[in-house]
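Let us walk through this structure step by step. Start with the whole chain, then move in on one pair of helices.

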Amino acid sequence: MSERHELTAVGVQATPTAIATPLESFRASCRQVLAEHPDAGMLVWPEMHLFADGIPDRARTTALRAAAEPLDGPRVAGLARIAADLGVWLIPGSVCELGDDGELFNTAVVMSPDGEPAASYRKIFPWRPTEPWTPGDRLCVFDIDGVGRFGLCICFDSWFPEVSRNLAWLGAETIINVVKTTTADRPQELVIARANAITQQVNFLSVNAAAPVGTGCSAAFGPQGEPLGHLDDSRPGTIRVVLSGDEVHRVRRQGTAGVTRPWAFFRPGDRPVDLPAYRGSIDPTTWNRD
């Protein structure tokens, strides 16, 4: 029997907690989720889960700036200790990162079960004009031994197909999208999440904040767009998803529905395709990902 590359992830659709709430409260919440899902190898929380500025969430720039820390500060160190104590991969949503020159970044962080920061990603497409974040300028993938490669994106990033396309091109088999959508367009976001899964032939996990702040409806899709788990409303809850890198590569080899192989489109000798929006091109010689 061939080796299976799987990870059980739990997406936690939760109401954001107030800025400056002690991390022990978050640790307790993680423990509760693990008590309900003892086989979980990864916990994923929504965007800015630890940074609610009241309910309704005012998300004031002054409050967020007062809470911001560099990634080598005590908050991230505390989150790393929680991951180590629980023995899981931990994505605590995103955090307020203070940049070297005073910038505010909306930054997703990944903690390994060894208690080490494994990856960080600054949101490239903040929701303008209301969000105060300085845009990030680079994509992020990270590897979990024996499982595969993961990519990160945050909320509105998913509306830009270039993000998911390039994460998949960089080898991501699963894209994790932490979200804090408070508006009425969550149904459209779910269409986009499924479309990203289908067009990139990846697993796509989208974890949104719960009411009364967020609109919920967290969901996960497999590489053919098949539902892997979902919540139908905005109430707090969890989705348990078995993420398989093997299934991603099987679909890429055999095709979506057994027919469609976008990552194996080009033939030797095909000319590059100009992409004027990017002042670049798709080069057939570097396209194939499987």
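**From the whole chain to one helix pair**

The protein chain has 290 residues, and a compact globule of that length would have a radius of gyration near 19 Å. The chain has 19 Å, so it agrees with that expectation. Along its principal axes, the C-alpha trace spans about 60 × 45 × 35 Å.

This is a predicted model. How confident is the predictor? The protein chain averages a pLDDT of 96. Of its residues, 99% score at least 70. Among the elements, strand 2 (residues 42–44) has the highest mean pLDDT, 99. Strand 15 (residues 280–282) has the lowest, 92.

Now the secondary structure. The protein chain comes to six helices and 15 strands.

Turn to two of the helices. Helix 1 covers residues 23–36, and helix 3 covers residues 74–86. They pack at an angle of about 30°, with their axes 11 Å apart. Angles under 35 degrees count as roughly parallel, so helix 1 is roughly parallel to helix 3. The crossing of helix 1 past helix 3 is right-handed.

Which residues make the contact? Helix 1 brings Leu 23, Phe 26, Arg 27, Cys 30, Arg 31 and Leu 34. Helix 3 answers with Arg 75, Gly 78, Leu 79, Arg 81, Ile 82, Asp 85 and Leu 86. What is the character of these residues? Seven are nonpolar, one is polar and five are charged.

Technical notes:
Residues are numbered from 1 along each chain as its sequence is written. This is a predicted model: local features need pLDDT of at least 70, side-chain atom pairs count only at pLDDT 80 or more; totals for chains, interfaces and linings use all residues. Side-chain values use heavy atoms; hydrogens and water are left out. pLDDT is the predictor's confidence in each residue, from 0 to 100. Helices (H or I, at least four residues) and strands (E, at least two) are DSSP runs, numbered from the N terminus. Axes are lines fitted to C-alpha atoms, for helices over the stretch in contact, and angles run from 0 to 180 degrees between N-to-C directions. Angles under 35 degrees count as roughly parallel, over 145 as roughly antiparallel, 65 to 115 as roughly perpendicular and the rest as oblique. A crossing is left-handed if the near helix is turned anticlockwise from the far one by less than a right angle, and right-handed if clockwise. Contact means heavy atoms within 4.5 Å. Ala, Val, Leu, Ile, Met, Phe, Trp, Tyr, Cys and Pro count as nonpolar, Asp, Glu, Lys and Arg as charged, and the others, Gly among them, as polar. The radius of gyration is taken over C-alpha atoms; the globule rule is 2.2 Å times the number of residues to the power 0.38.
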